[in-house]
Amino acid sequence: MSENGNPSDPARPVRSGTPTADRVRGIFSDIAPSYDRFNTLSSLGIDRSWRRATVRAARLTRASRVLDLCAGTGDLTMALATQGRPGEVVGTDFVPEMLEVAREKAAAYSGPTAIAFSVADAQDLPFDDASFDVVTVAFGVRNLPDREKNFAEVLRVLKPGGRYVILEFSRPTIAPWRWMYHLYLRVVIPAIGGILTGDRSSFVYLNDSIRSFPSQSALAAELRAAGFTAISWEDRTGGIVAVHTAVK
Ligand SMILES: C[S@@+](CC[C@H](N)C(=O)[O-])C[C@H]1O[C@@H](n2cnc3c(N)ncnc32)[C@H](O)[C@@H]1O
């Protein structure tokens, strides 16, 4: 299913943007201390409005129990708590160094939502069947070697009628905007990443992974094939990112 090629299948070529768990773990444990600065600089702060759109799509109530996958340094987890105010949000990631930064943010929060973080692989979730109303993920699905496994796990932990909300880089719909954006990805992002972390190559990987990720409609088709229903998406910033919503 993955357009990225399957690393375990020698017959399929592995492109430079292909995620493998070890590679992704190594990248994020190394860049954890500078990840937030990189995000703000590289998106010029627009990422905050993308997260707000994701919280809106989650349609939370005070009773909602939310699971935020690939939570990293916790920006979406905290936006879910402060803007959506659900009963509980659990942020998970498989890189403990990223979650350490997230825990510091949560320590400064004093609102009504219960916030917890735990180490977990988004392809093998340590949660009971039908235990969450909403599952979210921001900029994480692109890094998973096997999206099918993730979709099956999310379907398992969601309650019937629960929503999976995915914020991810996507395909700008207008060609000149797409060309400019791809130039920005190729030139500016590795430069900013290299200056902030000293590791330019990780940012070349991240950019390749953006370019080889499925378009809006292709991701919707994958979600449908996995068993989700009522799939829709909203483009933001001309399709640089899309917020997909899928219902169990
Ligand atoms: C680009 S960061 C996104 C962090 C955060 N959601 C945000 O919006 O800023 C991607 C995160 O996905 C995590 N990740 C990648 N693959 C994962 C997996 N298989 N299971 C859990 N976390 C994973 C990485 O450790 C990293 O923290």
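Axes here are lines fitted to C-alpha atoms, for helices over the stretch in contact, and angles run from 0 to 180 degrees between N-to-C directions. Helices (H or I, at least four residues) and strands (E, at least two) are DSSP runs, numbered from the N terminus.

The model is predicted, with pLDDT of at least 70 needed for local features and 80 or more for side-chain atom pairs, while totals for chains, interfaces and linings use all residues. Residues are numbered from 1 along each chain as its sequence is written, and side-chain values use heavy atoms, leaving out hydrogens and water.

**Exercise 1. Describe how helix α6 and helix α9 pack, and list the residues in their contact.**

Step 1. Start with the geometry. The axes of α6 (residues 147–157) and α9 (residues 216–226) come within 10 Å and cross at roughly 55 degrees.

Step 2. Classify the angle. Angles under 35 degrees count as roughly parallel, over 145 as roughly antiparallel, 65 to 115 as roughly perpendicular and the rest as oblique. α6 and α9 are therefore oblique to each other.

Step 3. Add the hand. A crossing is left-handed if the near helix is turned anticlockwise from the far one by less than a right angle, and right-handed if clockwise. The crossing of α6 and α9 is right-handed.

Step 4. List the contact (heavy atoms within 4.5 Å). Helix α6 brings Arg147, Phe151 and Leu155, and helix α9 brings Leu219, Glu222, Leu223 and Ala226. These residues divide into 5 nonpolar, no polar and 2 charged, where Ala, Val, Leu, Ile, Met, Phe, Trp, Tyr, Cys and Pro count as nonpolar, Asp, Glu, Lys and Arg as charged, and the others, Gly among them, as polar.

**Exercise 2. Do the same for helix α3 and helix α4, then follow α4 to its end.**

Step 1. Helix α3 (residues 47–58) and helix α4 (residues 75–84) pack at an angle of about 60 degrees, with their axes 9 Å apart. They are therefore oblique to each other, and their crossing is right-handed.

Step 2. On the α3 side, the contact is made by Arg51, Arg52, Thr54, Val55 and Ala58; on the α4 side, by Asp75, Leu76, Ala79, Leu80, Gln83 and Gly84. The residues divide into 5 nonpolar, 3 polar and 3 charged.

Step 3. Now check how covered α4 is, taking buried as under 20% relative accessible area, exposed as over 50% and partly exposed as in between (1.4 Å probe, protein chains only). Helix α4 is mostly covered, with 7 of its 10 residues buried: Leu76, Thr77, Met78, Ala79, Leu80, Ala81 and Gly84. They pack against α3, β1 (65–69), β2, α5, β3 and β4.

Step 4. Just after α4, Arg85 takes a positive phi of about 45 degrees, although Arg85 is not a glycine. Most residues other than glycine have a negative phi. Arg85 is found in the loop between α4 and β2 (88–93) and is partly exposed, at 44% relative accessible area.

**Exercise 3. Where is Ala130, and what is its phi?**

Step 1. Ala130 sits in the loop between β3 (114–119) and β4 (132–138).

Step 2. Its phi is near 50 degrees, a positive value in a residue other than glycine. At 36% relative accessibility, Ala130 counts as partly exposed.

**Exercise 4. Which residues does Val165 contact, leaving aside its neighbours within four places in sequence?**

Step 1. Place the residue: Val165 is in strand β5 (residues 158–169) and is buried, with a relative accessible area of 0%.

Step 2. Its contacts are Thr54, Ala57, Ala58, Val135, Thr136, Val137, Val243, His244 and Thr245.

Step 3. Look from the other side. Thr54 lies in helix α3 and counts as buried at 0% relative accessibility. Not counting residues up to four places away in sequence, Thr54 touches Leu76, Val165, Leu167 and Val243.

**Exercise 5. Which residues of helix α1 are buried, and which exposed residues does the opposite face carry?**

Step 1. In α1 (residues 21–31), the buried residues are Val24, Ile27, Phe28 and Ile31.

Step 2. Seen down the axis of α1, these fall within an arc of 85 degrees, so they line one face of the helix. The arc is that of the directions from the helix axis to the C-beta atoms.

Step 3. The face turned away from the buried side carries the exposed residues Asp22 and Asp30.

Step 4. Finally, the buried residues of α1 pack against α2 (35–43), α5 (96–107), α7 (175–197) and α8 (200–211).
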